[in-house]
Amino acid sequence: MNPFQYSKPADVHEAVHLSSAASRFIAGGTNLLDLMKENISRPEHLIDITGLPLNAIEETAGGGLRIGALVSNADLAWHPLIEQRYPLLSQAILAGASPQLRNMASTGGNLLQRTRCYYFYDATVPCNKREPGSGCPARTGLNRIHAILGASEQCVATHPSDMCVALAALEARVHVEGRGGARVIEFADFHRLPGDAPQRDNQLADDELITAIELPADNLARHSHYLKIRDRASYAFALVSVAAALELDGDEIIDARLALGGVAHKPWRDRAVEASLIGRTVSRETFSDAAEALLQDAEPLQHNGFKIKLARRAIIRALSDAAVAGEQP
Amino acid sequence: MSATPNGAAAQPFVAHPIRLTLNGQDRQLSVLPWTTLLDLLREQLDLVGSKKGCDHGQCGACTVLRDGKRINACLTLAVMCDGAELTTIEGLADGDQLHPMQQAFIKHDAFQCGYCTPGQICSAVGLANEGRAHDSAQIQELMSGNLCRCGAYNNIRAAVEEALPACSNVGGKP
């Protein structure tokens with residue numbers, strides 16, 4: 001780890017005014033310190049934001065919830081209002097990392113996790129995300145865990161978060177604050193596809209700090225399910241994950257949400273596919289059609305073609321489980 | 001003095017004063033910002049019970065309790081623990097009286113080489129504080145942050161299952 005300056009501001013205004021292109025905000029530190037130990041991230045200045053008043057989970061006027069950026073992943077997953085109204089989010093968080101890491105990791109930081117692509121993490125090889133223009137060894141190398149959707153010639157990395165897949169499905173809004181003031185970013189717009197600038201994971205400017213995540217009110221709590229497929233039973237990143245949520249009237253689908261993790265540079269959602277589910281009845285055929293449509297543009301690399309079939313089956317299973325969730329046995 | 005990329009004059013790197021309650025004792029220390037909690041414990045304070053396995057938050061051998069919650073000491077900066085109450089494996093026993101989780105690990109022979117054991121025990125005490133594990137399967141899932149390369153998992157699970165009811169809150173209320 002390189003030497004760095006350390007500051008601990010007392011309010012958001014001071015924090016964003018301390019920031020620079022060479023600084024990083026730190027809360028849980030679970031990913032940032034790991035990257036610093038590998039010399040992938042070398043900030044000159046760490047701004048400790050754990051003293052900021054961003055720890056509350058509050059009800060909004062619209063019937064949703066506003067989650068402070070510093071709420072730990074564990075506290076969020078096990079909060080009674082989250083378990084009751086957004087069980088999909090609770091399940092997704094608990095499917096990720098370990099209990100120790102969930103105690104440390106913050107809500108805001110979870111959005112800012114960097115990819116676990118092996119080449120990104122290895123400073124001895126080229127990587128367009130780490131060093132723009134240096135090349136992408138994953139495209140022709142070991143790419144079993146890499147993207148099947150939305151990738152570019154420059155980058156085939158995937159976003160590692162489980163929590164973000166649920167937040168995408170729940171249409172969360174990201175509240176951020178920078179020197180120029182505050183703004184709100186729709187979750188679907190927060191993370192980027194790699195394109196020709198894979199070094200940029202998201203839309204945040206250097207001086208912007210995530211202050212809160214807002215969840216709108218919905219009727220999806222009863223019929224939702226998070227399914228994660230990974231190489232071992234626990235404590236591993238997703239090969240494919242699915243956040244599925246339905247609003248049902250009997251067997252008829254009134255509203256549907258479907259987001260995939262482990263397959264792209266950002267949580268993958270297709271609103272046209274969700275819209276195509278509305279008005280149809282719950283059946284394997286309905287869910288199979290949605291899976292086919294969501295994956296029609298999937299492109300395999302040499303070693304990850306299995307993900308397309310895996311994702312198709314995972315989508316059908318997650319939607320089927322969501323449809324029967326909340327029913328009495 | 002060299003200039004930083006944002007144009008400001010570089011400041012010298014300074015140690016920061018921190019105050020901890022460490023295993024029940026008030027400690028006032030001075031730490032450089034890049035010192036991890038694990039290195040502070042092992043290298044500066046000679047508390048070598050917490051182990052450095054992977055140093056990347058993947059193995060759990062460095063697990064300690066901060067304000068009653070289990071964390072990976074290897075991914076925690078010591079300077080960010082100012083004001084915290086910390087409990088390591090060295091702080092669990094009450095004099096010669098072992099903590100119920102320590103006793104259960106001995107009773108169930110829940111280790112072979114022992115390297116992961118301090119982290120396993122601290123993690124299990126954190127698990128008890130959380131109050132979320134109610135059966136064997138939940139214990140298994142919620143102990144997944146602690147690897148044991150000897151594969152003593154069955155005995156670890158049996159020890160944790162037996163000791164959970166006897167564990168009162170340790171290491172400060174969250």
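**Exercise 1.** State whether the crossing of H2(B) and H3(B) is left-handed or right-handed, and characterise the packing of this helix pair.

*Solution.* The crossing of H2(B) and H3(B) is right-handed (the near helix is turned clockwise from the far one by less than a right angle; anticlockwise would be left-handed). The model is predicted, with local features requiring pLDDT of at least 70 and side-chain atom pairs pLDDT 80 or more, whereas totals for chains, interfaces and linings use all residues. Residues are numbered from 1 along each chain as its sequence is written, and chains are lettered from A and ligands numbered from 1 in the order in which they are written.

Step 1: helix H2 (residues 100–107) and helix H3 (residues 117–130) of chain B pack at about 130 degrees, with axes 10 Å apart (axes are fitted to C-alpha atoms over the stretch in contact; angles run from 0 to 180 degrees between N-to-C directions).

Step 2: this angle makes H2(B) oblique to H3(B) (neither under 35, nor over 145, nor 65 to 115 degrees).

Step 3: H2(B) contributes B:Met101, B:Gln102 and B:Phe105 to the contact, and H3(B) contributes B:Thr117, B:Ile121, B:Ala124 and B:Val125 (C-beta atoms, placed from the backbone, within 7 Å).

Step 4: of these residues, five are nonpolar, two polar and none charged (nonpolar: Ala, Val, Leu, Ile, Met, Phe, Trp, Tyr, Cys, Pro; charged: Asp, Glu, Lys, Arg; the others, Gly among them, polar).

**Exercise 2.** Identify which elements of chain B supply at least two residues to the side that touches chain A.

*Solution.* Step 1: the interface brings 28 residues of chain B into contact with 26 residues of chain A.

Step 2: strand E4 (69–72) and helix H4 (136–142) of chain B each supply at least two residues to that side of chain B (helices are DSSP runs of H or I, at least four residues, and strands runs of E, at least two, numbered from the N terminus).

Step 3: E4(B) gives the most, with four residues.

Step 4: the side of chain B that touches chain A comprises ten nonpolar, 13 polar and five charged residues.

**Exercise 3.** Derive the strand order of the open sheet in chain A and explain why E1(A) and E2(A) each have one side without a neighbour.

*Solution.* Step 1: the three strands follow the order E1-E3-E2, with parallel pairing (at least two DSSP bridges between paired strands).

Step 2: strand E1 (5–7) and strand E2 (23–26) of chain A stand at the edges with a single partner strand each, so one side of each lacks a neighbour in the sheet.

Step 3: the twist averages 25 degrees from one strand to the next.

Step 4: three bridges join E1(A) to strand E3 (residues 45–48) of chain A, and A:Gln5 stands opposite A:His45 in E3(A).

Terms used. Contact = placed C-beta atoms within 7 Å.
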